[in-house]
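Reader: Hey, got a minute to walk me through this one? I'd like to start with the cysteines.

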Amino acid sequence: LITTVTPSDPTDCDLADGSIVINAIGASLEYSIDGGLNWKSNGNFQNLPSGTYNIVVRNASGSCVTYWNNNPVILTAPSAPSILGTQFTDPTDCGVNDGTITVLAQGGLAPLEYSKDNGANWQTSNVFTNLAAGTYPISVRNDGGSCEVVTAPVILTAPVQPVISDVDFTNPTECNVNDGTITITASGAGSLEFSIDNGANWQAANIFVGLAGGTYQPRVRNIDGSCLATYADIILTAPVQPV
């Protein structure tokens with residue numbers, strides 16, 4: 001007489017740690033979970049994957065085969081989430097950690113958990129903010145930690161900081177003649193903009209002409225306005241008017 005059958009589902013996707021424990025009344029019994037194909041002398045079956053099992057008990061002599069009234073017993077592993085894709089925004093400026101990553105996922109056991117550091121840390125929000133440039137390995141798992149899945153890493157790229165290597169200048173040549181010049185030599189990853197008034201005005205050319213005597217603040221930035229580079233003030237000196 002089969003009295004109880006106690007199943008336990010696998011705890012994780014593709015993990016065979018389910019179990020079925022069969023309790024039966026009788027002397028010297030044999031137990032099977034595959035409909036009688038295989039038998040053993042106790043009713044404790046461990047390390048089972050998800051699947052369908054048919055419970056049978058018989059006497060050790062092979063007589064009196066008895067099937068569990070509630071066959072089949074079905075062990076079900078957790079359902080894994082699936083990652084549909086990722087969306088991201090790069091940091092907008094040098095030294096500014098404002099990048100974002102949004103992970104699009106579905107299925108599994110909600111609320112899903114998300115990681116951007118290969119599973120070292122998890123959060124329930126699928127949006128990561130305040131990110132610096134770098135490589136982020138994305139993972140998603142079920143509530144409770146089962147069925148972790150991964151996708152291709154997301155690479156955030158910050159703007160490249162331009163570098164001012166030199167600033168040349170010529171002073172005005174005559175009193176009341178504004179013919180001074182400033183030439184800024186700089187390098188960067190793309191098109192640059194140049195300023196000599198601390199960023200109040202910008203131009204695409206690196207040469208400034210028609211300048212009067214005075215103090216000028218050379219500045220360079222990327223064409224999109226990011227990554228300001230500064231340089232020491234330049235003083236243009238005009239000839240002094242004799243009196």
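Reader: Is Cys175 buried or exposed?
Author: Cys175 counts as buried, at 15% relative accessibility. Buried means under 20% relative accessible area, exposed means over 50%, and partly exposed is in between, with a 1.4 Å probe and protein chains only. Before we go on: this is a predicted model, where local features need pLDDT of at least 70 and side-chain atom pairs count only at pLDDT 80 or more, while totals for chains, interfaces and linings use all residues. Residues are numbered from 1 along each chain as its sequence is written, and side-chain values use heavy atoms, with hydrogens and water left out.

Reader: OK, and how many disulfides are there?
Author: Two disulfides, taking a disulfide as a pair of cysteine sulfur atoms within 2.5 Å. Cys13 is joined to Cys147, with 1.8 Å from S to S. Cys13 sits in the loop between β1 (2–8) and β2 (18–24) and Cys147 in the loop between β14 and β15, so this pair ties together parts that are 134 residues apart in sequence. Strands here are DSSP runs of E, at least two residues long, numbered from the N terminus.

Reader: What's the handedness of the Cys13 and Cys147 disulfide?
Author: The torsion about its S-S bond is about 95°, so the disulfide of Cys13 and Cys147 is right-handed. Both of these cysteines are buried.

Reader: Which cysteine does Cys94 join?
Author: Cys94 is joined to Cys227, at 1.9 Å from S to S. That pair also links distant parts of the chain: Cys94 is in the loop between β9 (81–89) and β10, Cys227 in the loop between β22 and β23 (229–230), 133 residues apart. Cys94 counts as partly exposed at 21% relative accessibility, whereas Cys227 is buried at 1%.

Reader: What's the pairing if you number the bonded cysteines in sequence order?
Author: Then the pairing reads 1-3, 2-4.

Reader: Switching to sheets. What's the strand order in the open one with β14?
Author: The order is β11-β14-β15, three strands with antiparallel pairing. β11 (113–115) and β15 (149–150) are at the edges with a single partner strand each, so one side of each has no neighbour in the sheet. Two strands pair if DSSP finds at least two bridges between them. Strand β14 (residues 139–141) has two bridges to β15, and the bridge partner of Val140 in β15 is Val149.

Reader: And which residues of β19 are buried?
Author: In β19 (residues 192–195), Leu192 and Phe194 are buried on one side, and Glu193 and Ser195 are buried on the other. Four bridges join β19 to β22 (residues 219–222), running antiparallel; Leu192 has Asn222 as its bridge partner there.

Reader: Backbone oddities next. Where are the cis peptide bonds?
Author: One is from Asn71 to Pro72, with omega near -5°, and Pro72 lies in the loop between β7 (66–67) and β8 (73–75). Another is from Ala110 to Pro111, also with omega near -5°. For context, most peptide bonds are trans.

Reader: What's phi for Cys64?
Author: Phi of Cys64 is near 60°, a positive value in a residue other than glycine. Cys64 is in the loop between β6 (56–59) and β7, and is exposed at 57% relative accessible area.

Reader: Last one: what sits over the ring of Trp39?
Author: The charged end of Arg58, 4.0 Å from the ring centre. A charge counts as over a ring if NZ of Lys or CZ of Arg is within 6 Å of the ring centre and within 35 degrees of the ring normal. Lys40 also lies over the face of Phe45, at 4.4 Å from the ring centre.
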